[in-house]
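Please follow this walk through a protein chain, which goes from the whole to a few chosen places.

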Amino acid sequence: MMAWAFTYAILCSAAAAAAASVSIPPYGDSITFVNSSSNGGTAMFLPLFFNQQRTKEEFHPRRHLHNRPTPSARMPLHDDLLLNGYYTTRLWIGTPPQRFALIVDTGSTVTYVPCSTCEQCGKHQDPKFQPDLSSTYQPVKCNIDCSCDNEREQCIYERQYAEMSSSSGVLGEDIVSFGNQSELEPQRAVFGCENMETGDLYSQHADGIMGLGRGDLSIVDQLVDKSVISDSFSLCYGGMDVGGGAMVLGGIATPDDMVFTHSDPARSPYYNIDLKEIHVAGKMLPLNPKVFDGKHGTVLDSGTTYAYLPEQAFGAFKEAIFKELNSLKRIQGPDPNYNDLCFSGAGSDTSQLSNAFPSVEMVFGNGQKILLSPENYLFRHSKVRGSYCLGIFQNGKDPTTLLGGIVVRNTLVTYDREHEKIGFWKTNCSQLWERLHLSPAPPPLPSGTDKDNSTLDISPVLAPSESPPAPAPKSSGEAKIGLITFFMLLNVTYPELKPHMSELALFMAKELDVNSSQVRLMNFTSRENDTLIKWAIFPEEPADYISNATAMDIVSRLSENRVHLPDSFGSYKFFGWNMGPTPPQRTWWRQHYLAVIIAFVLMMVIGLLASGAWYIWRRDKSLVSYKPVDSVVAEQELQPLQN
């Protein structure tokens with residue numbers, strides 16, 4: 001359980017060299033979250049930075065583009081809200097590109113990744129960013145608009161949290177790529193290169209954070225300032241037990257039945273909505289609408305797992321839910337350390353939850369409302385099958401209403417910043433492109449890149465693909481794949497890794513869903529701080545080839561980062577996978593050993609049967625009829641000898 005309780009945040013930042021200046025926000029109020037859950041997964045709070053309030057006019061001049069079509073960056077989301085506590089997307093930084101898994105966070109305004117110089121960073125999903133390996137990296141030099149390091153050479157940023165989590169580092173500028181589903185070409189952007197992280201930031205699996213909030217260093221603001229996207233972005237989180245989803249940087253054609261509500265940037269620096277009422281089973285909660293307008297108002301934050309209501313609102317919501325659950329039994333939560341409100345008897349089919357739990361509606365100031373299905377306010381009990389717990393909690397004594405990712409599962413949320421509104425559209429996020437009538441297929445890779453999908457070898461103008469293209473089948477049928485090779489870079493030295501190589505091979509076989517005999521270590525390179533390994537996947541004997549379906553599944557697991565190893569192996573990265581068109585050469589014995597063994601067994605069986613038959617025959621022949629000694633034996637005439 002990872003609860004991110006923040007009581008203050010400090011953001012020291014700067015803009016890119018030769019870019020617009022950055023205003024340093026003063027210390028401000030904070031949002032304190034004191035409740036969380038214990039579903040056996042991870043609950044996460046990401047920072048909601050309180051910047052100096054601005055007037056509406058400050059947000060308009062640079063936000064309106066010149067009525068010309070702009071591209072967008074379509075990006076897949078990974079991980080699961082309740083299992084991981086967050087959703088991540090893939091971002092590539094540098095030339096050649098270095099890949100990172102970043103938490104998408106609408107409450108943060110800085111994108112940052114661990115830097116190779118960081119000695120106090122945890123072991124994350126991917127290797128640290130190495131500025132020296134990028135030919136396009138530039139540090140943001142110290143200037144009057146930023147806080148500087150002790151040498152007064154480079155701009156720095158810093159975040160500090162009351163529960164001892166922190167992130168700090170330097171600001172750099174480099175080329176950022178968004179993947180092959182993106183129409184948007186790679187762009188130069190400022191990001192944080194971490195030199196220190198503590199607490200939950202240190203222990204999380206994801207590499208860093210992609211800041212989507214309002215602020216000069218937000219990736220959205222930087223792209224808008226360059227006039228390469230419209231001032232909008234969208235998130236769509238997968239449903240219960242599904243995970244994943246989609247994200248779009250830039251505008252999309254919104255569905256006609258999308259429900260919008262006003263979002264006032266002058267009200268607070270966060271993405272707020274104009275919530276007025278909550279209905280449970282069609283009945284309005286007896287609340288004054290002002291209860292949802294306390295402090296920072298009603299904040300929508302993608303980096304928070306659950307939802308948190310002010311004390312009065314939560315009490316009314318809980319009471320209304322209890323009244324509708326007469327057929328269910330109240331049970332203890334999965335973790336006795338937390339007083340979760342859980343119920344059994346609803347069944348395991350999540351599509352039927354509406355038969356046991358009531359519908360919930362959020363009503364906005366313009367009269368429009370959005371329906372919340374049970375998956376938008378429940379999480380699955382991790383220990384009792386067919387049981388569920390409320391994913392909405394009391395926000396301590398804080399009057400802020402905070403709506404985390406659980407509320408918008410299977411909901412396309414469009415943050416239309418240019419028109420100061422946020423839209424909601426219920427849909428299946430795993431089929432978003434089809435629902436929006438958009439082609440889900442990424443553009444084809446240029447020739448010459450189909451053999452090696454390493455993100456370390458692709459020019460930054462070629463955005464790396466999330467999933468490498470399948471080899472074209474031959475006219476006679478499937479392509480013959482006799483060998484799959486790939487490289488693995490581990491952030492562990494070889495002396496530390498050597499005693500666990502057999503264990504690592506077994507984990508690799510399990511994660512790639514192949515037999516352990518198919519996974520072989522071809523070679524390795526020991527470096528100062530890491531180890532480079534070349535793996536090979538062979539056909540399952542006695543087959544000579546790997547089926548196309550199996551090969552595509554293996555490469556998909558590698559490219560989509562679905563290989564999860566124990567933390568003892570540190571962070572790791574896969575690249576350079578290649579499918580060999582011919583099978584490896586085998587010795588005569590390896591090709592025919594099975595037939596030889598079968599023939600030998602048959603010969604042994606036949607030999608044993610023949611030996612048994614011969615033994616029985618000899619035994620029968622050796623049985624002689626004995627007569628008494630005194631019995632008369634007829635004389636037999638001797639036959640004359642013949643010459």
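How much accessible surface does the protein chain have, and what share of it belongs to carbon and sulfur atoms? The accessible surface comes to about 30100 Å², and 53% of that belongs to carbon and sulfur atoms, with areas taken from the Shrake-Rupley method with a 1.4 Å probe, where for residues only the protein chains shown count as cover.

This is a predicted model, in which local features need pLDDT of at least 70 and side-chain atom pairs count only at pLDDT 80 or more, while totals for chains, interfaces and linings use all residues. Residues are numbered from 1 along each chain as its sequence is written, and side-chain values use heavy atoms, with hydrogens and water left out.

Of the 643 residues in the protein chain, 53% are buried (buried means under 20% relative accessible area, exposed over 50%, and partly exposed in between, with a 1.4 Å probe and protein chains only). The secondary structure comes to ten helices and 31 strands, which are DSSP runs numbered from the N terminus (helices H or I, at least four residues; strands E, at least two). Among contacts (heavy atoms within 4.5 Å) between residues at least 6 apart in sequence, 73% join residues at least 24 apart.

One element to look at is an open sheet of five strands, with mixed pairing and the order β13-β16-β25-β17-β24, where two strands pair if DSSP finds at least two bridges between them. Because β13 (272-273) and β24 (392-394) stand at the edges with a single partner strand each, one side of each is left without a neighbour in the sheet. The partner of β13 is β16 (residues 298-300), to which two bridges join it in an antiparallel run, and within this pair Ile273 stands opposite Thr298. Helix α5 (residues 311-323) packs on the sheet, where it touches β17 (307-309) and β24, and its direction makes about 135° with that of β24; axes are lines fitted to C-alpha atoms, for helices over the stretch in contact, and angles run from 0 to 180 degrees between N-to-C directions.

Elsewhere, Asp126 lies in the loop between β4 (112-114) and β5 (138-139). Asp126 is buried, with a relative accessible area of 5%, and, leaving aside neighbours within four places in sequence, its contacts include Arg99, Phe100, Asp207 and Tyr572. Ala101 is also in contact with Asp126, and these two residues are 25 apart in sequence but 7.3 Å apart in space, C-alpha to C-alpha.

Finally, Ile597 is found in helix α10 (residues 588-621) and is partly exposed, with a relative accessible area of 40%.
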